[in-house]
Amino acid sequence: MRILHLVLAPRLSGAEVLAKDLAIHQQRGGETVGVTALTPAHDDFGPLCDELTENGVQCLFPARMHGRVGKLWNLYQTVKGYRADVLFAHATIPAFYARTLPLKVPVVYVMHSATNDFESYVFRRVERMLSRRARAVIAVSPTNIDDYVGAVGRHPSMTLIPNGVDMARFGRRPLAGIEDANGGLQIVQVGRYTSVKNQLSTVHAFERVVQTVPEARLLLCGVIEDPAYHAAVGDLVSKLGLASRVTLDGPRSDVADLLQQSRVFAMPSRSEGHSIAFLEALASGVPVVASTIRPFSFAADFPGVHLCDPDDTAAYASALVEALGDPRSLRPLGGLTLADTAARYLAVAQEVTRGMPRTAPA
């Protein structure tokens with residue numbers, strides 16, 4: 001089977017990382033797989049592009065930025081040239097573009113959004129028009145299903161497939177303490193700089209953490225999606241006199257190493273779909289402090305996991321301090337591995353292409 005994954009922009013963010021991992025897993029399983037996008041690859045995606053290529057996955061990214069018509073034409077040419085049997089469109093905007101085109105290839109819309117895309121009147125109207133042009137809809141969380149059904153109605157082929165973590169990369173790490181590692185008493189938060197990821201609450205809580213644990217350090221890293229929010233985080237760090245203790249970094253491709261080098265993973269998100277970063281932290285064994293939102297509730301009883309209200313600065317800081325003293329832990333992630341997720345995506349691909357002629361190998 002020839003499988004094509006479509007993302008908005010090749011960058012170090014959850015949907016794009018999942019598409020990359022799925023593509024490699026499917027290619028290794030004997031399928032022919034490519035990854036394409038609506039916009040050129042970000043510089044930070046370079047190592048992931050190399051990984052895709054090394055594993056035989058084609059990277060079919062635009063060479064330059066196009067307008068809306070140019071995006072449609074470039075995507076049409078790419079899909080036709082690749083001769084895909086099935087197209088997985090990761091996230092709402094890529095799914096809009098894919099279903100607008102006069103293509104016979106079955107399109108599977110994958111809902112990744114951490115927020116309700118259909119609160120937007122325009123998105124709601126467009127999805128109602130294009131809904132049945134998706135052969136299937138995959139939701140990564142129950143909230144995605146609730147949002148879709150509430151705004152658009154139930155799709156005839158809608159399934160829940162939680163994201164999965166690559167255990168080979170994140171799960172085979174030493175579980176001993178790392179007091180002597182370079183990270184020392186490091187707290188790390190990985191996520192896009194945007195208000196939904198709530199880095200400001202982490203900085204406020206960290207100010208209290210250092211009053212109890214003076215050696216503690218904080219590392220924030222991720223794609224700078226909202227420059228104004230990123231600047232606000234930096235301003236708060238300076239205002240609170242934490243510049244020597246807090247590092248604001250951009251996107252990182254070495255997340256597995258960061259988790260190994262850190263003592264605590266923080267994730268105070270206001271909302272999430274089904275966070276890849278959260279799963280990676282659970283798999284790594286690092287103590288986790290996260291918000292009490294629904295997508296994190298399944299891990300509430302896991303060892304070393306603390307769920308709290310990040311807007312309660314005292315409670316958030318207390319949880320971080322407690323987590324700094326926790327050991328690393330083994331956690332049950334059955335059903336949430338990359339292998340589990342990839343098998344379910346392949347089952348969807350087989351279902352939507354049943355009875356259709358397969359493209360001959362190129």
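The centres of domain 1 and domain 2, taken over C-alpha atoms, lie 28 Å apart. This is a predicted model. Domain 1 covers residues 2-164 + 337-354, and domain 2 covers 167-325. One open sheet has seven strands, and another open sheet has six. The two domains bury about 1500 Å² between them.

**Where the domains meet**

- On the domain 1 side, 25 residues are in contact with domain 2. On the domain 2 side, 17 residues take part.
- Carbon and sulfur atoms give 56% of the area buried between the two domains.
- In domain 1, the residues that lose the most area to domain 2 are L12, A114 and N163. Together they make up 31% of what that side buries.

**Charged and polar links between the domains**

- Four salt bridges are found across the interface of domain 1 and domain 2.
- R11 and E225 form a salt bridge through their side chains, with an N to O distance of 3.2 Å.
- Five residue pairs are in polar contact between domain 1 and domain 2, counting pairs with both residues at pLDDT 80 or more.
- Helices also feature on the side of domain 1 that touches domain 2: helix 1, helix 2 (46-54) and helix 6 supply at least two residues each.
- Helix 1 gives the most to that side, with five residues.

**The seven-stranded sheet**

- The strand order is 3-2-1-4-5-6-7. The sheet is open and its pairing is parallel.
- Strand 3 (58-60) and strand 7 (158-160) are the edges. Each of these two strands pairs on one side only.
- On average, neighbouring strands here are turned by 20° against each other, direction ignored.
- Strand 1 spans residues 2-7, and strand 4 spans residues 86-90. Four bridges pair them in the parallel sense.
- L6 has A89 of strand 4 as its bridge partner.

**Helices across the seven-stranded sheet**

- Helix 1 takes in residues 14-28. This helix lies across strand 1, strand 2 (32-37) and strand 4. Its direction is at about 170° to strand 1.
- Helix 6 takes in residues 142-151. This helix lies across strand 5 (107-111), strand 6 (136-139) and strand 7. Its direction is at about 155° to strand 7.

**The six-stranded sheet**

- Here the strand order is 10-9-8-11-12-13. This sheet is open too, with parallel pairing.
- The edges are strand 10 (246-249) and strand 13 (305-308). Each of them pairs on one side only.
- Neighbouring strands of this sheet are turned by 20° against each other on average, again with direction ignored.
- Strand 8 (residues 186-190) runs parallel to strand 11 (residues 264-267), and two bridges join them.
- I187 has V264 of strand 11 as its bridge partner.

**Helices across the six-stranded sheet**

- Helix 8 is formed by residues 199-212. It lies across strand 8, strand 9 (217-221) and strand 10. Helix 8 runs at about 170° to strand 9.
- Helix 12 is formed by residues 313-324. It lies across strand 8, strand 11, strand 12 (288-291) and strand 13. Helix 12 runs at about 175° to strand 13.

How values were computed
Residues are numbered from 1 along each chain as its sequence is written. This is a predicted model: local features need pLDDT of at least 70, side-chain atom pairs count only at pLDDT 80 or more; totals for chains, interfaces and linings use all residues. Side-chain values use heavy atoms; hydrogens and water are left out. Two strands pair if DSSP finds at least two bridges between them. Axes are lines fitted to C-alpha atoms, for helices over the stretch in contact, and angles run from 0 to 180 degrees between N-to-C directions. Contact means heavy atoms within 4.5 Å. Domain bounds come from an automatic or database domain assignment. Buried area is the accessible area (1.4 Å probe) that two parts lose on being put together, summed over both. A polar contact is a pair of N or O atoms within 3.5 Å; within protein, one must be able to donate a hydrogen and the other to accept it, and residues adjacent in sequence count only if both atoms are side-chain atoms.
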